[in-house]
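Biologist: I'd like to learn how to read a helix and its salt bridges from coordinates. Could you walk me through it?

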Amino acid sequence: MHRSAALVVDGNPTTRLTLAGQLRGFGFTSISQASRIADARREIERHAFDLVVCSDTFPRGGSGQALLDDLRRSGLLPFGTVFVMITDEATYLKVAEAAESSVDSYIVRPYSAGTLYDRIEQAQRRKAALWDIHRALEEGRYDDAVELCLQRFATRGPQWLSAARWGAEILLRLGRFGQAQALFQSIWDTEPHPWALLGVARCQLDSGATVAAQDTLRHLIETAPDYPDAYDVLGRAQMELGQFEDALDSLSKALEATPMAIGRQQRLGMLAFFLGNRDKAIELLQRATYLGLDSKMFDAESLVLLAIAAFERRDPTELERHHGELRKRALATPEDARLQRFVQLVDLLAHAFEHSADATAPALAAIGETVVAPDFDMEAACNLLAVLAALARHTTLPDQDALVMRLGLRFATSKAMGELLANAASHHTRYAERLRECEATMVQRIEQALRRASQGEPVLALAELYAVAQESFNARAVETAWLMLQRYDSDIPNADSWRARVAALRQAYGTARNRPALGDPRLRPSGGVNLGPMDRAAPPSMPTTHTDNPTP
């Protein structure tokens, strides 16, 4: 700490002076002070600091958490800078938010100078040991970063466990599921931490081996029954398998273990909503809104579902409240396409409430044009179907069968996903029936092409499958076409040309982009870690030629 520079950020002058004196006693020779968040940001923009010690609340507004998030998002906080948050209370929400932002240390008052010294020293040692790996990530040298992690793990060098975990997470982000799973398994065999076996299950789940992931998770829960992240991921696996009631039970157990967890309340509420249990969903989502509307853990999709429920109850005050909050968020982050989509949907409901249903037709037609976009995902489909069902049930809007069928043909990639779509539209019986029919139709068309291939006509079969995939953008059709290319490669003229065409569809509409998810996929996954540079920018695209455990 000698010859290092520090910044103390606290609204109380006495506390600032006390902290500055403690740091000076530790050997810091340059110590700056700021009483407001805005002043602290300007100081960090102008000067390099080795340490920032920041209070979590300020009398004139703002928080240390908001400052840290802003600095991380803007890339203004170097990896080598230690950020210590000091708080008067350690509620679950505060600790969870600090973990989400990767704060280096979180200290609760009152504390001793010795505690502060130890925390700073530990964080500095950890950062020094991982510096070369972080630099490789910062420069986009992902293979080099993985190799450094593997070397550290093999030699049991400084911070070898953290390095190994980083390496496995990097491989998982890159879509190299087999390598990531092997590394997580090696970590578990060496040091049986629950997150390591959970990493194995996450790799299995992302690679399509859902049943194997479920078995791994059940073993993990037997070993660590109080590990809530395991129940989160088990719920995700059960959703993919269509075991929706079991998924509700798993997510309920995760919430029971952490009753103040905003994210878990929302995920459970979202699943309950789409399974038709509106009362339970509203209770959970309203509680999450009350506890954490201003939290970074809060997901704006909760506002969409509450707005749909308010429309169904014919409650204009509640509808406008959620509509207004969504519009405020969308104005603050106009680049967030997911949030803009939320506003479009609730705009429809508000307009239908205030005017005639026919007046929503142009806006609905515009939304209908977006459902073929690659970034229009399963979450967007379920939300739109819930809105369409509400409009059909409570207004005179003409039936939207064509739009419902388009959504069903694209997203009904299995019986489970067809059932989830049908549940989302369950408030309008005919829409739910149409969606179940879509799943059956896709199965029939894909099986027809497979029969043609088995009868010795792989070229015609591939052409038929490609036509189905290009027409519907159904991930199952896309992946089946890809697998057919692998199997009949030598029997298909111009196989390279076909491969390029199918790979382009697979990159945009394949299984990797169309899995059911509850909540914002950009948040740190259960059991995962933040990876700094890989979190600030979009992760590298998954290679289209990589096929770990593909499942049509």
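Modeller: We'll take one helix and then some salt bridges. This is a predicted model, where local features need pLDDT of at least 70, side-chain atom pairs count only at pLDDT 80 or more, and totals for chains, interfaces and linings use all residues. Residues are numbered from 1 along each chain as its sequence is written, and side-chain values use heavy atoms, with hydrogens and water left out.

Biologist: How many residues does helix 16 have, and what span should they give?

Modeller: Helices are DSSP runs (H or I, at least four residues), numbered from the N terminus. The expected span is 1.5 Å times one less than the number of residues. Helix 16 has 17 residues (316–332), so it should span 24 Å, and its end C-alpha atoms are indeed 24 Å apart. At its start, a side-chain oxygen of D315 comes within 3.3 Å of the backbone nitrogen of T317.

Biologist: Which residues of helix 16 are buried?

Modeller: Buried means under 20% relative accessible area, exposed over 50%, and partly exposed in between (1.4 Å probe, protein chains only). In helix 16 the buried ones are E318, L319, H322, H323, E325, L326, R329 and A330. They cover an arc of only 160° around the axis, which puts them on the same side of helix 16; the arc is taken from the directions from the helix axis to the C-beta atoms. As background, an α-helix has 3.6 residues a turn, so residues three or four places apart point the same way. The face turned away from the buried side of helix 16 carries the exposed T317, K328, L331 and A332.

Biologist: What covers the buried residues of helix 16?

Modeller: The cover includes helix 14 (278–292), helix 15 (301–312) and helix 17 (337–354), with contact meaning heavy atoms within 4.5 Å.

Biologist: And how many salt bridges does the structure hold?

Modeller: A salt bridge puts a side-chain nitrogen of Lys or Arg within 4 Å of a carboxyl oxygen of Asp or Glu. The structure holds 41 of them. One joins R152 to D132, with the closest N and O atoms 3.3 Å apart. R152 sits in helix 6 (residues 142–155) and D132 in helix 5 (residues 113–138), so the pair ties together parts that are 20 residues apart in sequence. R152 is buried at 12% relative accessible area, while D132 is partly exposed at 24%.

Biologist: Where do R236 and E240 lie?

Modeller: Both are in helix 11 (residues 228–240), four residues apart, about one turn of the helix. Their salt bridge has its closest N and O atoms 3.9 Å apart.

How values were computed
Helices (H or I, at least four residues) and strands (E, at least two) are DSSP runs, numbered from the N terminus. A polar contact is a pair of N or O atoms within 3.5 Å; within protein, one must be able to donate a hydrogen and the other to accept it, and residues adjacent in sequence count only if both atoms are side-chain atoms.
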